[in-house]
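Colleague: Hi! Could you put the model up so we can go through it together?
Modeller: Sure, here you go.

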Amino acid sequence: MHPDIYKRPLLWCLAALILWLVCFYRPAPAKRDIFHAITPQTVTLTGRVVGFPVHKPKSQNVAVRVYSVNGKPAEGKVYARFADFDPQWQDTLELKGRLQLPYGIDLLGNFNWRAYLAKQQIFTEIKVSQARVLRPAPRPLRWVRNLRADILRVFAQSFPPELASIAGGVLLGERGEISPKLYAAFQDSGAIHLLVASGGNVGFVTLLTLGACALLGVGRKKALFISLAVAGIYTIAAGADAPLVRAYFMAVCACIGYFLGRNSGVLQGLLVSCLLILCFQPASVFETGFQMSFLATLAIIICLNNYQLPGKWPGWLRFFAQIFLATLATQLVLLPIFTNVFYKVSVTGLVANMILVPWASLLMGLSFSYYVLCLLQAGVLLHTLTLWCLEGFKTAVEFFASFSLSAVPAAAWGAGSIIAFYAMLFWLFHWPRREFAR
């Protein structure tokens, strides 16, 4: 990567915005936020479901964007807990219940639920006693959510619960109720990120669609439009969270650059998407997921551009070497964040991800192909192979988590240590460009 990339005004604008947000911005409810309507009495509010429900043993929980409270206009979002109602994404609902502050204690090593919600601009919860649909979602959005629900239903009917959760997590980021033991194994092996729909999934879907179009003889420009449409549907079906939206925007930027005859650059797409997200959702800068996805993508772009592999190497060796470089860059750049969140470091994660990341990509394509065949009443053709791959993937995760060094306890990093560490990484990632590094 040429050092002139760091002279781009857009990069400096993004850096200045991040610095300003970190120093001066703190998430707080707006004047008309529903937070100000908290009272001991039952309230009636209307709002739109803005996410896919999280299924718990005794409730279904989801964020709702508020339109009114007791007939008066209101703003903001509320975290709603439904006991006897199934909320559907993008439906407009009328809810009755009691508003309350989210529970939270700010202690070192303790997960602060209230602070976590505040970073998503949610400052209020409601325990719903009654709910009804005022207006269903538009038909195209209903089709997308039905597609998502049908995929998860097919997995649940075809595979044991834990394997179905792995398939749902790898394909759509919906991991369901994985047992605490298996969840800990994913954490200790450094593979927990594979159960979350990420930007890599969007890229994989785009490339897979391009490949299918090429096999069918579709023209290049038409194939790009089809690929963007399929990737857009996948982005929505997988939850349309920040990493997915950012990756899809990067794909759109790349395609626009292609149509205009310009090389827009992956880095430029990353910068533009991050800038737009922070302009509309400034609290994202404090979210762990946003930090991890942005830093990981940035590290992979810089590292793979600066550390060029010899062209005379065999293709298979270059493939695994690139995975190793990408995994190493990601593990290093996320080390302070992982440590400050989980208070442990996965030493085996570097080796584990070299195997599990390609395996997860295979599972993603295989599980979706199995679903398509099920629609054609031919799922039996891939059922055994998909089942074996899921069982093997689970076994590999548990194997890498079984080592004594898979999860080493570690203390939280201070601000000075984090700054010094990232300065060292920046120099290390640019080491092949000796003049710039010097």
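Colleague: Let's start with Arg132: is Arg132 buried or exposed, or something in between?
Modeller: This is a predicted model, and in it Arg132 has a relative accessible area of 45%, so Arg132 counts as partly exposed.

Colleague: And which side chain does Arg132 meet in a salt bridge?
Modeller: That would be Glu94, with N to O at 2.9 Å. The two are 38 residues apart and link distant parts of the chain: Glu94 belongs to strand β6 (residues 92–100), and Arg132 to strand β7.

Colleague: Nice. How many salt bridges turn up in the whole structure?
Modeller: Seven, from a search of the whole structure. One of them joins Glu125 and Arg81, where the closest N and O atoms are 3.1 Å apart. Glu125 sits in strand β7 (residues 122–135) and Arg81 in strand β5, so this pair ties together parts that are 44 residues apart in sequence.

Colleague: Are Glu125 and Arg81 buried or exposed?
Modeller: Glu125 has 3% relative accessibility, so Glu125 counts as buried. Arg81 is at 26%, which makes Arg81 partly exposed.

Colleague: What does Arg32 pair with?
Modeller: Arg32 meets Glu75 in a salt bridge, 3.9 Å from N to O. Both residues are in loops: Glu75 between β4 (72–73) and β5 (77–82), and Arg32 between α1 (9–24) and β1 (43–49), with 43 residues separating the two. As for exposure, Glu75 is partly exposed at a relative accessible area of 36%, and Arg32 is partly exposed at 43%.

Colleague: Changing topic to backbone angles. What is the phi of Gln90?
Modeller: Gln90 has a positive phi of about 75°, although Gln90 is not a glycine. Most residues other than glycine have a negative phi. You'll find Gln90 in the loop between β5 and β6, and Gln90 counts as buried because its relative accessibility is 15%, under the 20% cut-off.

Colleague: Which loop holds Gln377, and is Gln377 buried or exposed?
Modeller: Gln377 is in the loop between α12 and α13. Its phi is also positive, about 60°. With 71% relative accessibility, Gln377 counts as exposed.

Colleague: OK, helices now. How many residues does α3 have, and what does α3 reach from its first C-alpha to its last?
Modeller: Helix α3 (residues 139–158) has 20 residues and reaches 28 Å, close to the 28 Å expected at 1.5 Å a residue.

Colleague: Which residues of α3 are buried, and what covers them?
Modeller: The buried ones are Val144, Arg145, Arg148, Asp150, Ile151, Val154, Phe155 and Ser158. Their cover includes α4 (161–172), α7 (220–237), α12 (349–375) and α13 (380–401).

Colleague: That spacing rings a bell. What's the general rule for which residues point the same way?
Modeller: An α-helix has 3.6 residues a turn, so residues three or four places apart point the same way.

Colleague: And α11, where is the kink?
Modeller: At Leu335, shortly before the proline Pro336, with a kink of about 55°. Right after α11 comes Tyr343, which has a positive phi near 55°.

Colleague: Last one: which residues form the nonpolar patch on the surface?
Modeller: Trp313, Trp316, Leu317, Phe319 and Phe320, and together they have about 520 Å² of accessible area. Leu317 lies in helix α11 (residues 315–342). At 31% relative accessibility, Leu317 counts as partly exposed. Patch members need over 30%.

Note on methods: Residues numbered from 1 in each chain as written. Predicted model: local features only at pLDDT ≥ 70, side-chain atom pairs only at ≥ 80, totals over all residues. Heavy atoms only, no water. Patch = residues over 30% accessible without salt bridge, like charges linked within 9 Å, V, L, I, M, F, W, Y side chains within 5 Å. Areas by Shrake-Rupley, 256 points an atom, 1.4 Å probe, with all protein chains shown as cover. Salt bridge = Lys/Arg side-chain N within 4 Å of Asp/Glu carboxyl O. Helix = DSSP H or I, 4+ residues; strand = E, 2+ residues; numbered from the N terminus. Buried < 20%, exposed > 50% of the residue type's maximum accessible area, 1.4 Å probe, protein only. Bend = angle between axes of the 7 residues up to and from the residue. Expected span 1.5 Å × (residues − 1). Contact = heavy atoms within 4.5 Å.
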